[in-house]
Structure formats: structure tokens, C-alpha cells
Amino acid sequence: MRSPSVTARLADGVASIPAAEWDACAGPDNPFLSHAFLSILEASGSATAQTGWQPLPIVVDGPDGTPAAIAPAYGKSHSQGEYVFDHSWADAWERAGGRYYPKLQIAAPFTPVPGPRLLLRDPTHAPALIAAIEAVVNQHGLSSAHATFVEEAQIPLFEAAGWLIRTGTQFHWQNDGYASFDDFLGALASRKRKAIRKERAAAVDGLTIRHLTGAEITEAHWDAFWAFYQDTGSRKWGRPYLTRPFFSMLGEALGDKVLLMLAERNGRPIAGALNLIGTDALYGRYWGCVEDVPFLHFELCYYQAIDAAIERGLPRVEAGAQGEHKLARGYVPVTTYSAHYLPDSGFRRAVADFLVREQQAVEREQEYLEELTPFRKAEQPDV
């Protein structure tokens, strides 16, 4: 795509773009959009054409010839690993005689973490980047493009281009200036506070919890975590998305941004949770175990994450997709967003009608969930 002032191109994978140029567009805040993280997905064999995630970054170059805007785009031959479910759209389109796959996905693969999907060194290039995404869809005869888990601040850019907006719900913990976990508990209703204390005590009975970052994480630790991850992945997805080399590469490349929490019994790891540390959030990503311990999932994934966020002064914990069980642990409902480009007008109308009804349901559900949060209401005494 060319205009007198703009050149857009498809790059041959994230690794083909110099790290400094990519990161100048992505910024330092969200580790899942860094050149290191996304290129590791390619190099480890996790996000490749063979796994149904063909890396196709769309780049708009500035006047100096270096990227001014990038979309982390992937050609998808399925809808796995996205966490914004469009299987019913695919079925409907194919029943109507269309071909839904391949489609274009603008995302961090396997990562339901909100963030920018238009990586902008120069914000004025946002409309050109969206137009370039549309051009890739149109010129290659693709059914659609989907930008998933878009940060709210960028939604108006997609709305201005006429994309359809979809909402969903996640549960995040918000740090209201807490000095300690007990300080956080003090904001909860007494019954909820007591329940969490009982859960934590039961979960760690006979266990040692360790927080490891950077060089503290050895290959033996990654071997242990790989066993945990495989167990969870085989039960949830049929097969794990990430390869074993990915974890070693992640630890080496991201260093102190990686936080691995392990539960050990007599020095042997039996469960673990993997987190990444961003500028303004702790991101919980993967969990698994080889021994079933009541409440240990809640302890490692939610309570230990709160401890770590408070210790680091981070304003929130994002603990992944879905999970209403997070509500009782102090994680509150927040709205997530995705944006969708469907060039066929009939298909677009049908999806738009569905999204209106779905958004109404999401809003009603969030109103209901807000009433279930464990925090003390103004009229409740603290006993």
C-alpha cells in the first residue's frame, strides 16, 4: 500500500524487524508487545504458520524510512488461542457459502492481556495503519480482521474507521494504595476476610512458596514448570500452545520481568504460576500442578500475585481471561474490548446485530457482578 506520504508493508515475521525499531513503536509498558516476547514465540516454534499463527506484521514507515506504526498481525487458520470467541461467526459464514479462514488477527498470541494493538511511534499514523490492515484483508480475499484485547484508549481509532466493537469481561485486582495484604483485607467484609485467611492457611500448609526472577530461575525450574503447564494445557486446550524452548528463551530474554512462583513440598516443586511484570501491572499467565492441593490455585495465582504487586507498588494485577471465582478473592469486573473488520456488508450487518445484543448482556452481567464484590459496602459495619 502506497500514498504520496505513506508506505505500508508486510514484514516477514517480528524477528525481521530490528528490536530497537519495534520497541520504539511498542513502548516499554506491556511486555507482551515487546520484540523480545513476540520474536520468542516465533523462534520457539510456538507462533508459526505450522501452528496456525503465521506472523505477518504490518508496518507503516515514517519519512525517515523506519517504522512509525506497526500492527502485530497474524494469519490464522483457526480460532484457537485467542480468548475472544468467534467460532459461531465462522460457522455462520461457512454455512452461507463463505470461507472464514484464513483470517487476520491483530494480537499478542495466546495472551488475553489488554494493550495497544496499534503500536505507534508516531500517533498520527494510526489511520494509515488501520487502512493498511484493511488493505491486507481486501487484497488477499480474507474474510475478516480482528484486533483483540485492545486497550480502551485505542477503541475510538477503530470506531472512526467503522470497525465493529465487541466487549467482554475480565477480573482485575486494583491496588488502592495498600501497604500490605492485611491492609487489602481490611477493605473487605468481615466474612470474606476470614474466608480468605482460611484459604491461604490451608493452601500453604506443609509447603514453601518461592518467588523467583531473572537468573534465579534455572533450567530445572523451567523443567518443573513445563510439567505443570503441560498438565493444565492438555486439560484445557487439548494440547499446550507453547513449546518447552519458549520458557527458557523467555527467562533469558526478559530476565527480571519474569516472576515464577513455585510451591514446594520438601524441596520439590509441586505447582507453579508464571507472571510477567509490566510498568503498571503484574500479569498472571500460566499455572499448573502435579499434586492436587485445595486452594493452592487461588494462593499462587491470586493471593501471591497481590503480595507481589503490593511489594512492587504496581497498581493492578491482571490474572488472565474469565473466571468468576476471582471475584471472591478481591478481583473486580472490568470491560475488555476488541475491534472487527468484516468487508462483506451482509456478514457485517449480521455480526453487528449480534454484538448489540451481546453487549447488553455483558452490561447486565457486570452490574450483577459488581454487587457480589467482597468489599465492604458503606452501610456495612466492620466486625
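This passage describes the overall fold, the nonpolar cores and selected strands of a predicted model.

The protein chain comprises 11 helices and 15 strands. Its radius of gyration is 22 Å, close to the 21 Å that the globule rule gives for 383 residues, and the chain is therefore as compact as a globular protein of that length. The C-alpha trace extends over about 65 × 50 × 40 Å along its principal axes. Of the 383 residues, 56% count as buried. Among contacts with a sequence separation of 6 or more, 74% link residues 24 or more positions apart. The protein chain exposes about 16400 Å², of which carbon and sulfur atoms supply 51%.

In soluble globular proteins, nonpolar side chains tend to be buried together. In the present model, the largest nonpolar core contains 46 residues, and F225, F247 and L274 are the members that touch the most others within it. Two or more residues of this core come from each of the helices α1 (19–26), α2 (35–43), α8 (219–236) and α9 (244–254), and likewise from each of the strands β11 (258–265), β12 (268–277) and β13 (282–289). The most is given by α8, with 6 residues. The surroundings of L274 were examined with its neighbours within four places in sequence left aside; L274 is in contact with W222, F225, F247, L250, V258, L259, L260, Y283, G284, R285 and Y286. A second, separate core consists of 39 residues, including A273, I277, L300 and L327.

Strands of a sheet pair through backbone hydrogen bonds, either parallel or antiparallel. Strand β11, one of the elements contributing to the largest core, is mostly covered, with 7 of its 8 residues buried. Its pairing with strand β10 (residues 208–213) is antiparallel and involves 6 bridges, with R210 standing opposite L262 of β11. Strand β11 is also joined to β12, in the antiparallel sense, by 8 bridges; here L262 stands opposite G272 in β12. L262 thus has R210 opposite it in one pairing and G272 opposite it in the other. The hairpin of β11 and β12 has 2 residues between the strands, and N266 in this hairpin adopts a positive phi near 55°.

Elsewhere, 4 strands form an open antiparallel sheet in the order β1-β3-β4-β7. The edges of this sheet are occupied by β1 (7–10) and β7 (119–120); each has a single partner strand, so one side of each lacks a neighbour in the sheet. The partner of β7 is strand β4 (residues 67–71), and this antiparallel pair is held over 2 bridges. Within the pair, I70 stands opposite L119 in β7.

A further site examined was S338, which is located in strand β15 (residues 332–341). The relative accessibility of S338 is 2%, and because this lies under the 20% limit, the residue counts as buried. The side chain of S338 makes a polar contact with the side chain of H340, at 2.7 Å. With residues up to four places away in sequence not counted, S338 touches V84, A147, T148, F149, V150, L164, I165 and R166.

Key:
Residues are numbered from 1 along each chain as its sequence is written. This is a predicted model: local features need pLDDT of at least 70, side-chain atom pairs count only at pLDDT 80 or more; totals for chains, interfaces and linings use all residues. Side-chain values use heavy atoms; hydrogens and water are left out. Buried means under 20% relative accessible area, exposed over 50%, partly exposed in between (1.4 Å probe, protein chains only). A polar contact is a pair of N or O atoms within 3.5 Å; within protein, one must be able to donate a hydrogen and the other to accept it, and residues adjacent in sequence count only if both atoms are side-chain atoms. Contact means heavy atoms within 4.5 Å. A nonpolar core is a set of buried Ala, Val, Leu, Ile, Met, Phe, Trp, Tyr and Cys residues joined through side-chain atoms within 4.5 Å. Two strands pair if DSSP finds at least two bridges between them. The radius of gyration is taken over C-alpha atoms; the globule rule is 2.2 Å times the number of residues to the power 0.38. Accessible areas come from the Shrake-Rupley method with a 1.4 Å probe; for residues, only the protein chains shown count as cover.
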